[in-house]
Amino acid sequence: MPIKFYLHQLWLIAAFALIVADLFLPIAMFGNQEGSTALLTNFRILYVEGAKSAAFWALGVILICTALINLFELLLSGFQNFTLQKRSLVLSTILIAGYYVLYLIYILCMKADASYTITYGTLFPVIALIFNVMAFRGVCSAEAQIIKDSFRLRD
């Protein structure tokens, strides 16, 4: 039995890679008039003075859950269980949207009088979100193609 390859699997691999890469990248930088800066990562905030605060671990946990769901979806894509694939993609998309809601809350709480600069790590979940939507559309089209190919009229 040959294993079928679908295009949406490429989108899932790309989304998974972006989410895993974002776990290790800084996502924002704060600076004030005195010259002190702070670097926000998905798990903590690092101050120039050497102090660390692990109050931002929820962002990392959401990304880890999203990466695990995308990995599950990628492994599931070989079995043609399209209903479960679509549901897990919706869950992954909701988690990424929740990530940005929490990110916005953290930024608004931290900003005060500091200048805020985003880094390219902030954009990786957005690109992964786009890949999730493309994978969802790919799953729907693969399901429709299989239904169309298996439908026949009886004589």
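## Exercises on a predicted model

Strand S3 (residues 45-47) pairs with S4 in the antiparallel sense, over two bridges. Keep in mind that this model is predicted.

**Exercise 1.** Find the bridge partner of Leu-46 in S4, then work out which strands stand at the edges of the sheet.

*Solution.*
- Step 1: Look across from Leu-46 into S4, and you meet its bridge partner, Lys-52.
- Step 2: Write down the strand order of the open sheet, which is S4-S3-S2-S1-S5, with antiparallel pairing.
- Step 3: Strands S4 (52-53) and S5 (115-118) each have a single partner strand, so one side of each has no neighbour in the sheet, and these two stand at the edges.

**Exercise 2.** Determine which strands helix H3 lies across, and at what angle the helix runs to S1.

*Solution.*
- Step 1: Locate helix H3 at residues 82-111.
- Step 2: The strands it lies across are S1 (28-31), S2 (37-40), S3 and S5.
- Step 3: Relative to S1, helix H3 runs at about 10 degrees.

**Exercise 3.** Find how many salt bridges the whole structure holds, and say which side chains meet there.

*Solution.*
- Step 1: Searching the whole structure turns up one salt bridge.
- Step 2: Here the side chains of Lys-86 and Glu-143 meet, at 2.8 Å from N to O.
- Step 3: Lys-86 sits in helix H3 and Glu-143 in helix H4 (residues 124-150), so the pair, 57 residues apart, links distant parts of the chain.

**Exercise 4.** Decide whether Leu-75 is buried or exposed.

*Solution.*
- Step 1: Find Leu-75 in helix H2 (residues 57-76).
- Step 2: Its relative accessible area is 60%, and exposed means over 50%, so Leu-75 is exposed.
- Step 3: Leu-75 also belongs to a nonpolar surface patch, whose members include Phe-43 and Trp-57.

Key
Residues numbered from 1 in each chain as written. Predicted model: local features only at pLDDT ≥ 70, side-chain atom pairs only at ≥ 80, totals over all residues. Heavy atoms only, no water. Patch = residues over 30% accessible without salt bridge, like charges linked within 9 Å, V, L, I, M, F, W, Y side chains within 5 Å. Areas by Shrake-Rupley, 256 points an atom, 1.4 Å probe, with all protein chains shown as cover. Salt bridge = Lys/Arg side-chain N within 4 Å of Asp/Glu carboxyl O. Helix = DSSP H or I, 4+ residues; strand = E, 2+ residues; numbered from the N terminus. Buried < 20%, exposed > 50% of the residue type's maximum accessible area, 1.4 Å probe, protein only. Pairing = 2+ DSSP bridges. Contact = heavy atoms within 4.5 Å. Axes fitted to C-alpha atoms, helices over the stretch in contact; angles between N-to-C directions.
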